[in-house]
Amino acid sequence: MKEFSSDRIIELKTPLSIEDIINLRSGNRISISGYIYTARDTAHKRLMELIKSDRELPFPLKGQVIYYVGPSPAPPGRVIGSAGPTTSYRMDPYTPKLLEMGLKGMIGKGRRSDAVREAMVRYRAIYMAATGGAGALISRAVRESTTVAYEDLGPEAVRRLKVERFPAIVVNDILGNDLYEKGQKQYQILS
Amino acid sequence: MRRISTKTVIQAVRDLAISANLELGKDVIHAFEEALEKEISPSGKAILAQLIDNAQIAREEKIPICQDTGLVTIFVDLGQEVSIVGGDFKAALEEGIREGYSKGFLRKSVCHPFTRKNTGDNTPLIAHIEIVPGDKLKICVVPKGGGSENMSRVFMLPPSAGWQGVKEHVVRTVNEAGPNPCPPTIVGVGIGGNFEQSAFLSKKALLRPLGSRNSNPELDQMEKELLEEINKTGIGPQGLGGRITSLGAHIIMMPCHIASLPLGINIQCHASRHMEVTL
Ligand code: SF4
């Protein structure tokens, strides 16, 4: 199986197929282009309610990537305001179900629960980290932003973003590796 | 008495709220540059380089450094020879924040604890007002995001825990926080006082410029020791592994009750935003 070195940046285009992610490994730097969807706490809660009552979702999940972000308002002349990731663990309770339904990737920051990590292996999906607090830099990768649902939630609305060369790092790959664990162990100094 | 109008206060707070969110302090940027030289992990280096670029983009393009423009704390030193005229002082602080967050396209991130309904204007705020000698009014606006504030802690340690116990608790807190508070962080430590004072001191400690020395040589030494321990954890930038987990550890210490050893730990993310003015 081909492994990529950690300093090369791998281009990734959405929607994702299994072939796109099968060789990606925890630690790979990637650059994402295509459409991704934003959703955070309340949007996830509402998506789950729709799923439970067997109703149609505001966007298709199959092969898609969800970005956990609540951007700042777009100043005049800009597509979006500052748009870095929010902490992912708050979405953990909802995530296994979305993965089961075909979600292939998530972008956020911070560790995921064991249940989410198991579901990523089972349904073959990946979790990527964007740099938290680099919202100004990341906003430059966003070329279009359209609200597709829950406008009433303001920054928490579901948006479809067209991104070009969105910078991220693979944290969890389909084999169950975790960069937060691996990375810390590698640089820890035991006294 | 020197008179300062609430109108002046509103304008000052509004401008500080906006500039604090767009312009990162030179001390912080300098600390990123130093960290970039010291960091050995490739992902850590890439992230630190991004943070330097991010600060520049935010300043030049006038968009927030981070989308989480936070809940605002305002530290006020009010000279006892100043008389505030033209209205309610605290209402003026609020109005300044309201205007700044609306005019500056900053995210409103304040809500009801249970219904989670957004208050819509980023108020209320937390004000710490201290009466000091003189006829000046100093206002320091500190927007702070949820990611790092959520990882902060207060411990009421037994006195026997001593400095060793304090160190262990700080390092444990940093370890448990892992990637969540957006490392590289700054760790504010308040030792002594009582329950709420230790928390207050830990936040106040964050306001000291990064890279500056503690004026108390004993505390200066303790800060060095603490930072070294924190950076042994290997958490690194964004928690993806590396030698730079924190850019600084700042301590404020004061006497406490004979039966206690209060310890406040305030974790500050790399987006360490604060802006002040003296009127
Ligand atoms: S922890 Fe700080 S840098 Fe990270 S997202 Fe929150 S406010 Fe931004």
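Reader: Is B:Ser19 buried or exposed, and with what relative accessible area?

Author: Happy to start there, with the reminder that this is a predicted model. B:Ser19 sits in helix H1 of chain B, which covers residues 6-22. A residue counts as buried when its relative accessible area is under 20%. B:Ser19 meets that cut-off, so it is buried, with a relative accessible area of 16%.

Reader: How far apart in space are B:Ser19 and B:Gly104, C-alpha to C-alpha?

Author: Along the sequence, 85 residues separate B:Ser19 and B:Gly104. In space, their C-alpha to C-alpha distance is 8.8 Å.

Reader: Which radius of gyration does chain B have, and how does that fit with the globule rule for 279 residues?

Author: Chain B has 8 helices and 10 strands. For 279 residues the globule rule gives 19 Å, and the value for chain B is close to that, so the chain is as compact as a globular protein of that length. The radius of gyration of chain B is 19 Å.

Reader: What share of the contacts in chain B with a separation of 6 or more comes from residues 24 or more positions apart?

Author: Some background on the chain first: 54% of the 279 residues of chain B count as buried. As for the contacts with a separation of 6 or more, the share from residues 24 or more positions apart is 82%.

Reader: How many residues of domain 2 of chain B are in contact with domain 1 of chain B?

Author: Domain 1 of chain B comprises 2-21 + 65-144, and domain 2 comprises 147-271. Their centres, taken over C-alpha atoms, are separated by 26 Å. On the domain 1 side, 10 residues take part in the contact, and on the domain 2 side the number is 12.

Reader: Where does B:Lys62 lie, and is it buried or exposed?

Author: B:Lys62 has a positive phi near 55 degrees, although it is a residue other than glycine. It lies in the loop between helix H3 (42-61) and strand S2 (71-79) of chain B. Exposed means over 50% relative accessible area. B:Lys62 has 57%, so it counts as exposed.

Reader: And A:Tyr150: is it buried or exposed?

Author: A:Tyr150 also has a positive phi, of about 60 degrees, and is not a glycine. Its place is the loop between strand S6 (142-149) and strand S7 (158-172) of chain A. With a relative accessibility of 15%, A:Tyr150 counts as buried.

Reader: Which residue does a cis peptide bond join to B:Thr123?

Author: The omega of this bond is about 0 degrees. The partner is found in the loop between helix H4 (89-103) and strand S4 (126-132) of chain B. That residue is B:Pro124.

Key:
Residues are numbered from 1 along each chain as its sequence is written. Chains are lettered from A and ligands numbered from 1 in the order in which they are written. This is a predicted model: local features need pLDDT of at least 70, side-chain atom pairs count only at pLDDT 80 or more; totals for chains, interfaces and linings use all residues. Side-chain values use heavy atoms; hydrogens and water are left out. Helices (H or I, at least four residues) and strands (E, at least two) are DSSP runs, numbered from the N terminus. The radius of gyration is taken over C-alpha atoms; the globule rule is 2.2 Å times the number of residues to the power 0.38. Buried means under 20% relative accessible area, exposed over 50%, partly exposed in between (1.4 Å probe, protein chains only). Contact means heavy atoms within 4.5 Å. Domain bounds come from an automatic or database domain assignment.
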